[in-house]
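Visitor: I'm new to reading structures, and I'd like a close look at a single part rather than a quick tour of everything. Could you pick one helix and walk me through it and its surroundings?

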Amino acid sequence: MLKYEVAVVGGGVAGLTAAIYAAKAGKQTIVIEKQDRLGGRAISNKKKGAYFNLGGHALYHGDALATFVW
């Protein structure tokens with residue numbers, strides 16, 4: 001059985017941010033996500049050759065981007 005110190009429920013932007021900070025603090029961390037991909041609404045869908053942004057505009061600049069760029 002694997003043991004973790006931190007379990008983050010939800011792999012959207014907030015959950016991934018929490019997991020990054022926990023891991024940077026040296027905690028054994030797991031992210032639990034019910035979807036088959038991470039990112040929550042921070043994705044783009046392709047429809048008939050065009051891409052549609054569903055969210056994640058905070059990732060373009062600012063604090064959120066700085067969190068994910070190592």
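**A close look at helix 1**

Guide: Let's start with a quick length check: helix 1 has 12 residues, and at 1.5 Å a residue they should span 16 Å, which agrees with the 16 Å between its end C-alpha atoms. Keep in mind as we go that this is a predicted model.

Now, which residues of helix 1 are buried? They are Gly15, Leu16, Ala19, Ile20 and Ala22. These residues cover an arc of only 165° around the axis, so they sit on the same side of helix 1. There's a general rule worth remembering here: an α-helix has 3.6 residues a turn, so residues three or four places apart point the same way.

Let's zoom in on one of them. Ala22 belongs to helix 1, which covers residues 13–24. Is Ala22 buried or exposed? Its relative accessibility is 10%, and because buried means under 20%, Ala22 counts as buried. And what does Ala22 touch, once you leave out residues up to four places away in sequence? The answer is Val6, Lys27 and Thr29. You can also check a distance on screen: Ala22 and Ala7 are 15 residues apart along the chain, and their C-alpha atoms are separated by 9.4 Å.

Two of those contacts of Ala22, Val6 and Thr29, lead us to the strands. Thr29 in strand 2 is the bridge partner of Val6. Strand 1 and strand 2 (residues 29–32) run parallel, with four bridges joining them. Put the pieces together and strand 1, helix 1 and strand 2 make a right-handed β-α-β unit.

Follow the chain just past the end of helix 1 and you meet Gly26, which takes a positive phi of about 90°.

Go the other way, and you'll find Leu2 in the segment before strand 1 (6–9). Leu2 has a relative accessibility of 68%, and since exposed means over 50%, Leu2 counts as exposed. Leu2 is 26 residues from Gln28 in sequence, while the two are 9.9 Å apart in space, C-alpha to C-alpha.

For a contrast with the parallel pair, look further along the chain. Strand 3 and strand 4 run antiparallel, and four bridges join them. They form a hairpin with two residues between them, and Lys47 stands opposite Ala50 in strand 4. Which residue in the turn has a positive phi? That's Lys48, at about 50°, although Lys48 is not a glycine. Lys48 lies in the loop between strand 3 (44–47) and strand 4 (50–53), and with 89% relative accessibility Lys48 counts as exposed.

Finally, step back and see where helix 1 fits. The protein has two helices and four strands, and along the sequence they follow the pattern β-α-β-β-β-α. Of the 70 residues, 19% are buried, and Ala22 is one of the buried residues of helix 1. The protein exposes about 5500 Å², with carbon and sulfur atoms supplying 59% of that area. As for contacts between residues at least 6 apart in sequence, 32% join residues at least 24 apart.

Note on methods:
Residues are numbered from 1 along each chain as its sequence is written. This is a predicted model: local features need pLDDT of at least 70, side-chain atom pairs count only at pLDDT 80 or more; totals for chains, interfaces and linings use all residues. Side-chain values use heavy atoms; hydrogens and water are left out. Buried means under 20% relative accessible area, exposed over 50%, partly exposed in between (1.4 Å probe, protein chains only). Contact means heavy atoms within 4.5 Å. Accessible areas come from the Shrake-Rupley method with a 1.4 Å probe; for residues, only the protein chains shown count as cover. Two strands pair if DSSP finds at least two bridges between them. The expected span of a helix is 1.5 Å times one less than its number of residues. The arc is that of the directions from the helix axis to the C-beta atoms. A crossover is right-handed if, with the strands pointing away from the viewer, the path from the first strand over the helix to the second runs clockwise.
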